[in-house]
Amino acid sequence: SSFDLPRLLRETSLQHIEYHPTLESTSTLAAELLEPLLNCAPALVLTDQQTAGRGRKGNAWWSAPGALAFTLVLRGDELPLPAARRPLLAICAGLAVRNALAAFAPAAPLSVKWPNDVLSESRKICGILVEQQGPAARPGVLLGIGINVNNSTADAPPEVAARAASLSDLRGGPGDLTEVLLRVLQEL
């Protein structure tokens, strides 16, 4: 794994990490495992390589090796937000990611674009997908986050490279995925 899993458990409020070297989608697996994950929430579904990431409105998410792809599973009944306001979690997560990435690339112009993107100038560095799953009495909130960390846009398909950014390109070198994930989780 590219991640120090014991450290992530030790230095965050996570109760469980469901790690797989390769997954189609962390959010899809989180939805499939929702009931057991809710029993140990907050939980994280994490992968080194996501092959079929997705965003809002069915959009695909380009995720090459070196990207950070994860889904945070939260219990909706434990959140201090009524169900009708939970979609605001996307903008809150965007602010958390923006603040975390700023610590690794302080000179980079980073901003949050409503409702679910983090940009460097007009290029997307992070996408966020908030989904509510399960019964109203015990809802699960899936916070899927994809961040271009060490996957340089130089390796991306031309249509992606034209509108994407990566932390490694902004800072001029690779970053430690555990450090970036840890900082994002702490900001969240």
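Where is the place of E121? E121 sits in the loop between β7 and β8, and I'll come back to that residue once we have the sheet in view.

A bit of housekeeping. This is a predicted model, where local features need pLDDT of at least 70 and side-chain atom pairs count only at pLDDT 80 or more, while totals for chains, interfaces and linings use all residues. Residues are numbered from 1 along each chain as its sequence is written, and side-chain values use heavy atoms, with hydrogens and water left out.

When I say helix or strand, I mean DSSP runs numbered from the N terminus: H or I with at least four residues for helices, E with at least two for strands. Two strands pair if DSSP finds at least two bridges between them.

Okay, the sheet. It is open, has 7 strands and follows the order β1-β2-β5-β9-β8-β7-β6, with mixed pairing. At the edges you find β1 (16–23) and β6 (110–113), each pairing on one side only. On average, neighbouring strands here are turned by 15 degrees against each other, direction ignored. For angles in general, axes are lines fitted to C-alpha atoms, for helices over the stretch in contact, and the values run from 0 to 180 degrees between N-to-C directions.

Let's walk in from the β6 edge. β6 and β7 are antiparallel partners over 4 bridges, and the hairpin joining them goes through 3 residues. K113 is opposite D117 in β7. In the loop between these two strands lies P115, and the peptide bond from W114 to P115 is cis, with omega about 0 degrees.

Now β7 itself, residues 117–120. D117 and L119 point one way, V118 and S120 the other, and all are buried. Buried means under 20% relative accessible area, exposed is over 50%, and partly exposed is in between, using a 1.4 Å probe and protein chains only.

Next door, β7 and β8 run antiparallel with 4 bridges. D117 stands opposite G127 in β8, and L119 has K124 as its bridge partner there. The hairpin these strands form has 2 residues between them, and that's where we meet E121 again. Its phi is near 60 degrees, a positive value in a residue other than glycine. Most residues other than glycine have a negative phi, and most peptide bonds are trans. As for accessibility, E121 counts as exposed because it is at 61%.

Moving on, β8 and β9 pair antiparallel over 8 bridges. C126 is opposite I147 in β9. Their hairpin has 6 residues between the strands, and G134 in it takes a positive phi near 90 degrees. On to β5 (residues 68–75), which pairs with β9 (residues 140–147), again antiparallel and over 8 bridges. There, L68 has I147 as its bridge partner.

So what packs on this sheet? α4 lies across β6, β7, β8 and β9, running at about 170 degrees to β6. α7 touches β2 (43–50), β5 and β9, and its direction makes about 30 degrees with that of β5.

Those two helices also meet each other. The axes of α4 (residues 89–104) and α7 (residues 177–187) come within 8 Å and cross at roughly 140 degrees. The two are therefore oblique to each other. On that scale, under 35 degrees is roughly parallel, over 145 roughly antiparallel, 65 to 115 roughly perpendicular, and the rest oblique. The crossing is right-handed, meaning the near helix is turned clockwise from the far one by less than a right angle; anticlockwise would be left-handed.

Who's touching whom? On the α4 side, the residues include A96, V97, A100 and F104, and α7 brings, among others, V180, R183 and V184. The contact residues divide into 8 nonpolar, 1 polar and 3 charged. Nonpolar covers Ala, Val, Leu, Ile, Met, Phe, Trp, Tyr, Cys and Pro; charged is Asp, Glu, Lys and Arg; the others, Gly among them, are polar. Contact means heavy atoms within 4.5 Å.

Last stop, the other edge. H16 is in strand β1 and is partly exposed, at 26% relative accessible area. Beyond its neighbours within four places in sequence, H16 contacts L9, L37, C40, P42, A43 and L44. One of those, P42, lies in the loop between α3 (34–38) and β2. A cis peptide bond joins A41 to P42, again with omega about 0 degrees.
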